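Q: Hi! I'm new to this one, could you walk me through it?

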Amino acid sequence: KFIVAAVNPHLGETVLDPAAGTGGFLVEAFEHLQKQAKRAEDYRLLQRSTLYGVEAKSLPYLLCEMNLLLHGMEYPEIDPENALRFPLREIGDRDRVDIIMTNPPFGGEEERGILSNFPEDKQTAETALLFLQLIMRKLRRPVGGAKGGRCGMVVPNGVLFGDGICARIKEELLKEFNLHTIVRLPNGVFAPYTNIPTNLLFFDRTGPTKDVWYY
C-alpha cells in the first residue's frame, strides 16, 4: 500500500509486477487506479490493458488470479512462467512498461540456463539482483516524448552493500537511473518467512542519480 501510494500510478500507465506472488501489489494498484476511473473507457482501459503480472509458482499463481478476480479485476493478465526466461538484450521498447512495483524473491538460485540470459559480467546466483537487472531493462525509456518509467521495489541488504557483480549492477543503476529514495525497513518485517534485513528502493528513468534520500 505504501509503495503504491509513493509511486502513484495514473490511469493510462502500464503497471507490471514480475514476481507477483499472490498479487498484493497488483490488487493495491487496481484499487488505487479504480478511484481515477470515471467513464466507461477508463474502466475498459483499467480492466484490459493496465495491470500485468508474472508468477512462476503454481499455487501463488492461482491465488494471484483469484485475488484479482475477487477484487473486481475481470481479466487478470498473469504470466505463469519465469519472468527471467528472456535474454535481456531481446527486451525492446514494445516490452517496456511505465511502472514496476515488486517484491522479488531473495537468495534463491536460478538454473544455469536462466543465468545465460544476462550479461556475462553480471551473472549471479542472487535472484534479487537478476530481477533488478530485468526491471532496469523493462522500464520505459524517455524517448519520443515518453515519460521515463519508475519503480518501487523491496530488496535485501546485500543489494545495497555487496561488491563485485553487485557493485557493477549498482553502478549501472546509479548512472542510468535516478535512485532518489531508499527506505530502510524495520528488522523482522517479513518474519517468519525471512529475517533478512530489507529496504525499499524508489528509482526512475529521468537521468543519473544526483542525490539519494535515505530514510
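Q: Is strand β6 mostly covered or exposed?
A: Strand β6, residues 178-184, is mostly covered, with five of its seven residues buried. Buried means under 20% relative accessible area, exposed over 50%, and partly exposed in between, using a 1.4 Å probe and protein chains only. Strands (E, at least two residues) and helices (H or I, at least four residues) are DSSP runs, numbered from the N terminus.

Q: Thanks! Is this a predicted model, and how are residues counted?
A: This is a predicted model, where local features need pLDDT of at least 70 and side-chain atom pairs count only at pLDDT 80 or more, while totals for chains, interfaces and linings use all residues. Residues are numbered from 1 along each chain as its sequence is written, and side-chain values use heavy atoms, with hydrogens and water left out.

Q: Back to β6, which strands is it joined to?
A: Six bridges join β6 to β7 (residues 198-204), and these two run antiparallel. Two bridges join β6 to β8 (residues 213-214), and that pair runs parallel. Two strands pair if DSSP finds at least two bridges between them.

Q: Which residues face each other there?
A: Val183 has Leu200 in β7 as its bridge partner, and Thr181 stands opposite Trp213 in β8.

Q: And what order do the strands of the sheet take?
A: The open sheet has eight strands in the order β3-β2-β1-β4-β5-β7-β6-β8, with mixed pairing. Its edge strands are β3 (78-79) and β8, each pairing on one side only.

Q: How do β1 and β4 pair?
A: β1 (residues 15-17) and β4 (residues 99-102) pair in the parallel sense over two bridges. Leu16 stands opposite Ile100 in β4.

Q: New topic: where is Thr127 found, and is it buried or exposed?
A: Thr127 is found in helix α6, residues 127-138. Thr127 is buried, at a relative accessible area of 2%.

Q: What does Thr127 touch?
A: Leaving out residues up to four places away in sequence, Thr127 touches Leu84, Pro105, Gly107, Gly108, Glu109 and Glu110. Contact here means heavy atoms within 4.5 Å.

Q: Zooming out, how many helices and strands does the protein chain have?
A: The protein chain comes to eight helices and eight strands. Its radius of gyration is 17 Å, close to the 17 Å that the globule rule gives for 215 residues, so the chain is as compact as a globular protein of that length. That radius is taken over C-alpha atoms, and the rule is 2.2 Å times the number of residues to the power 0.38.

Q: What share of the residues is buried?
A: Buried residues make up 48% of the 215 in the protein chain.
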